[in-house]
Amino acid sequence: MQIVAVRVTPIAIKDPPLLNAAGVHEPFGLRSIIEVEGANGLVGLGETYGDAPVLALLQRVRESLVGLSAFDVNALWACVVTASKQGSGGHVEMELAPGSLGSNLLSSVFSAFEVAFLDLQARTIGIPMVELLGGAVRKKVPYSAYLFYKWDASVDPEYGPDKYGEAVNPQQIVSQARAFIDEYGFESIKLKGGVFDPLEEADAVLALHAAFPQHQLRIDPNSNWTLATSIAVAGKLKHCLEYYEDPTPTLEGMAECYKATGIPLATNMVVTNWDELRRSVALNSVQILLSDHHYWGGLRATQALAKTCQAFGLGLSMHSNSHLGISLMAMTHLAASVQHLGYACDTHYPWQSDEVLVGGKVPIEGGCVHLTDKPGLGVELDQGRLAKLHQDFLNCRIRTRNDVVQMQKFRPAWTQVKPRF
Ligand code: GKR
Ligand code: MG
């Protein structure tokens, strides 16, 4: 199936004032939407980061893909490598968005097109993506309620209104969890930490445990705690954590933390590529890997990663950055094809009010996204919505994510410190 056209469209999607270790989310997140059109008139879809360096390489690769077969992903890889040698658009060292890191740029750009190639393959054959990936080991994929400390949207008129309001203490975090669970039926809860005093954040997890005793709980301070702080918090939470995500920086620090606490550690920060995985296995730094096809090199590479984790006795879950429904469906088809996935996946999706899909947002019911028998990813692009969000991108001042600078709008003395507590 020959490719006749490839389109890469940057978009800006509304984002609330969510707090994290680096600072606060900007009022818009950036994404790139990929369309790969075959000679049969069918179009494969992909979605990835929209930061300037990623976008620059996506655009450069795009030009070289016309004329390739949609089944030739090796040729796609060669095009990505060639385009990357023609110059760099720089890189973003935003540790909280691993797909934007310079070290992961090639695999991130390859992944975005690989998903679209595979989607076009599956649509051409007339089968769901999960079948192309080897078949469904589950027909629905569980996701976790991804809670954030946050400000009320009124903090700055640039943020659009959101229905969740402020969450800066344990009671408000429990209310946020209740709203998520009532609306989506999640059975696991993750709290994004690294924002307030770590013992207060531990109190929020204890409050969640008291309010939702049957739910699996996780906390993720994005490496913002020293080893000593991580051990102290572990002492308070040991009995109620499903896993402990990136409490402290570095592979060595995580290995020490595991030795001291015995709580399974998960990461999307110290292991984001194959080299780090090798070193992590040698040090026993992490016990659960949070995979993410957006920067691990696509759907098939992530399947290989799952096998590798299985071989080394590591658990597997899934990481997320802010994203729309094309990414959600790629994550869902992938997760449905991977036997070894043992945990509810992360997703930021409920925080996003914008969408580019026909019919609007993908439903999450009973905490799960359900697969259908529709071909490919099973979703269609709404060109009107895409055009609107592209216009939002053109109107918006943001070109690379920077939660530190955004925080400085509110707290001028704020700096990036790691670990802060
Ligand atoms: O969006 O603030 C955020 C998150 O902290 C995100 O950047 C992280 O990559 O979700 C992520 C995580 O699990 O670390
Ligand atoms: Mg994380």
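**Exercise 1.** In which segment does Pro419 lie?

*Solution.* Pro419 falls in the segment after helix 14 (403-410), helices being DSSP runs (H or I, at least four residues; strands are E, at least two) numbered from the N terminus. Now check the bond before it: Lys418 and Pro419 are joined by a cis peptide bond, with omega about -5°.

A word on the model: it's predicted, so to speak, with local features needing pLDDT of at least 70, side-chain atom pairs counting only at pLDDT 80 or more, and totals for chains, interfaces and linings using all residues. Residues are numbered from 1 along each chain as its sequence is written, chains are lettered from A and ligands numbered from 1 in the order written, and side-chain values use heavy atoms, leaving out hydrogens and water.

**Exercise 2.** Find the side chains that offer an N or O atom to an oxygen atom of ligand 1.

*Solution.* Look for polar contacts (here, N or O pairs within 3.5 Å). Start with His25, at 2.8 Å. Next comes Asn268, at 3.0 Å. Then add His348, at 3.2 Å.

**Exercise 3.** Work out where ligand 1 lies relative to domains 1 and 2.

*Solution.* Take the shell of 16 residues (a heavy atom within 4 Å). Domain 1 (3-126 + 383-395) and domain 2 (131-370), bounds from an automatic or database assignment, both contribute to this shell, so ligand 1 lies between them.

**Exercise 4.** Locate Asn222 and describe its phi.

*Solution.* Asn222 is in the loop between strand 7 (216-220) and helix 7 (227-237). Its phi is near 50°, a positive value in a non-glycine residue. Asn222 is also among the residues that come nearest to ligand 1.

Notes: Polar contact = N/O pair within 3.5 Å; in protein donor to acceptor, adjacent residues only side chain to side chain.
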